[in-house]
There are 2 protein chains.
Amino acid sequence: MRGVYLVTDRGLCLNRSLQDVVLMAVRGGVSYIQLREKDLPTSDFIEEAAAVKKILLPFQVPLIINDRMDVALACGADGVHLGQQDMPYDKARKLMGEKAIIGLSVETWEDVESVEKLDVNYIGVSPVFATPTKTDTKEPWGLAGLRKIRAFSRHILVAIGGINISNAQAVAEAGADCLAVVSAVCSADDPASAATELKNIMDEVTKKRG
Amino acid sequence: MRGVYLVTDRGLCLNRSLQDVVLMAVRGGVSYIQLREKDLPTSDFIEEAAAVKKILLPFQVPLIINDRMDVALACGADGVHLGQQDMPYDKARKLMGEKAIIGLSVETWEDVESVEKLDVNYIGVSPVFATPTKTDTKEPWGLAGLRKIRAFSRHILVAIGGINISNAQAVAEAGADCLAVVSAVCSADDPASAATELKNIMDEVTKKRG
């Protein structure tokens, strides 16, 4: 996994539909889309996910569903993202199958250690910085925490929380394989060019790593 | 399906744990348990469902999960109950398999007509009477509505909404195959004897039907 990973928040799309923002984001070069919906009825969430999947198909961008494996299975999503309060990883893997992309958030060092034995596809380092878009999180990891996880973990690291154009390079250099953003793209004047800028920053750092 | 069907509401269990109330209810003769949780994190819901499944096993009482097919799959529940805003029936059947118990709520006459072609295991006639325990419902069906559905539908009818000892016989006589209750058991001084009383009323009416 490389590049920019958009986590959606319909409330931050500034009068644009979530589907429009997703389309702009993938046109701009986003590599992964995660749909996060905490308040939608199940049927609406499935409908939205199916519509987004259709948008992503020509771009071959995987669709990942936050928490709700029922929605992921119903819409044929490519994976699920699990928080520490979501379905246990082993159950999700069994139900989603070997090919599914399954990521797990780590919010404490204990989480980092315990995920080491699991064959997750990535870990979400959450939050790197304090962020107003998700309020149920623990202390931010900061760049130092991210570096520490990079040195310890065998997993792909998706960094999330307060990442934007001004700090993206530092986050990439601290060891993130992938930059996950919410408002930096959802609330950008131009989501496509915001995605492109973030992608370019990530690509530059990846290139230097060789 | 026959007898009494308990839909849980942890907020109505009067300082008793939900698991204790479930155990008392099945000892009293409840035939089905539906877990309904709208605010629990997924991991907690799965844990609770697994614990309840263990309680039900010796009684051979099926466990049905409201809405959340992910939770049902993760805990190995016997079925799911779907509202009109939940996963579409066809998707749920495909994912849960042929043996799963899948029920669907009907809140309008349109719902009643459209469910006729589906192989649901039962329909939930919801609400029969106005009820404070679920506020997102349509107009109550009343006994006349229940009779009308009985005359029209080929399905097993589980009546829900405001059913208690004082009106259980009338609901059964209007055509319910199964009485679903929430507070009549969850909030009863003695959930076991409340369940037994409701079961006896239902059994009497079923016997008279021959």
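Okay, let's start on the outside: chain A has an accessible surface of about 9,200 Å², and carbon and sulfur atoms hold 50% of that. Those areas come from the Shrake-Rupley method with a 1.4 Å probe, and for residues only the protein chains shown count as cover.

Quick housekeeping: this is a predicted model, where local features need pLDDT of at least 70 and side-chain atom pairs count only at pLDDT 80 or more, while totals for chains, interfaces and linings use all residues. Residues are numbered from 1 along each chain as its sequence is written, chains are lettered from A and ligands numbered from 1 in the order written, and side-chain values use heavy atoms, with hydrogens and water left out.

So what is chain A built from? Nine helices and eight strands, meaning DSSP runs numbered from the N terminus, with helices being H or I of at least four residues and strands E of at least two. Its C-alpha atoms fill a box of roughly 40 × 40 × 30 Å along the principal axes.

How much of chain A is buried? Of its 210 residues, 56%, where buried is under 20% relative accessible area (1.4 Å probe, protein chains only).

Now over to chain B, and strand E6, residues 122–125. Both of its faces are covered: B:Tyr122 and B:Gly124 are buried on one side, B:Ile123 and B:Val125 on the other. In general, side chains in a regular strand alternate between the two faces of the sheet. And the partner? Strand E5 of chain B, residues 101–106, pairs with E6(B) in the parallel sense over four bridges; pairing takes at least two DSSP bridges. Opposite B:Ile123 stands B:Leu104.

Key
Buried < 20%, exposed > 50% of the residue type's maximum accessible area, 1.4 Å probe, protein only.
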